[in-house]
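Please open the model in your viewer and keep the sequence panel beside it, since each stop of this tour begins with a selection.

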Amino acid sequence: MRKVMKMFKNSIIGKILKAIWKILWGFLEILIIILAIIILTQRLTNSEKAFLGIRIFSVATGSMEPEYVVGDVLIAKEKDPSTIVVGDNIVY
């Protein structure tokens, strides 16, 4: 990315690329902050509280094999129970 920006440093294309890069970097920073908050919330509450409806679990036993193996990390989103259909994976 830096090589491309050096080529167009003082042109309008360079300014556009720089603006796009700043926007993408900002989104990445926000995503990292949200992910950190979700992980900290789950660690501090032992996965009992959700952040933005998201909870993180890890598979502790082989009871879910072959779909999930011991040690897999599952990310679950809270959902209205009336919308669950046969075949959906659920966590409780």
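Select I12 to begin: with a relative accessibility of 60%, I12 counts as exposed, where exposed means over 50% relative accessible area, buried under 20% and partly exposed in between, for a 1.4 Å probe and protein chains only. I12 is found in helix α2, helices being DSSP runs of H or I with at least four residues and strands runs of E with at least two, numbered from the N terminus. This is a predicted model, in which local features need pLDDT of at least 70 and side-chain atom pairs count only at pLDDT 80 or more, while totals for chains, interfaces and linings use all residues. Residues are numbered from 1 along each chain as its sequence is written, and side-chain values use heavy atoms, with hydrogens and water left out.

Extend the selection to I13, I16, I20, I23, L24, F27, I30, I34 and L52, which together with I12 form a nonpolar patch on the surface with about 970 Å² of accessible area. Patches consist of residues with over 30% relative accessible area and no salt bridge, like charges being joined within 9 Å and nonpolar side chains (Val, Leu, Ile, Met, Phe, Trp, Tyr) within 5 Å; the areas come from the Shrake-Rupley method with a 1.4 Å probe, and for residues only the protein chains shown count as cover.

Next, select W21 and W25. The count of aromatic pairs comes to one, and because the ring centres of W21 and W25 are 6.1 Å apart with the planes at 25 degrees, this pair is stacked. The rule takes rings of Phe, Tyr and Trp (its six-membered ring) with centres within 6.5 Å, and calls planes under 30 degrees apart stacked, over 60 edge-to-face and the rest tilted. W21 and W25 lie four residues apart in helix α2 (residues 12–45), so about one helical turn separates them. W21 is partly exposed at 38% relative accessible area, and W25 is partly exposed at 43%.

Now move to the strands, residues 54–58 for β1 and 73–77 for β2. They pair in the antiparallel sense over five bridges, where pairing requires that DSSP find at least two bridges between two strands. Within this pairing, I54 stands opposite K77 in β2. In a regular strand the side chains alternate between the two faces of the sheet. On β2, L74 and A76 make up the covered face, whereas V73, I75 and K77 make up the uncovered one.

Between β1 and β2, select V70, which has its place in the loop and is partly exposed at 49% relative accessibility. Which residues does V70 contact, leaving aside its neighbours within four places in sequence? They are V59, A60, T61, G62 and E65, contact meaning heavy atoms within 4.5 Å. The C-alpha atoms of V70 and A60 are separated by 5.5 Å, although these residues are ten apart along the chain.

For the last pair, select K79 and D88, which form a salt bridge with the closest N and O atoms 3.3 Å apart. The rule asks for a side-chain nitrogen of Lys or Arg within 4 Å of a carboxyl oxygen of Asp or Glu, and the count comes to one salt bridge. Both partners are partly exposed, D88 at 31% relative accessible area and K79 at 48%.

Finally, show the whole chain, which has two helices and two strands, running α-α-β-β from the N terminus on. Buried residues make up 13% of its 92 residues.
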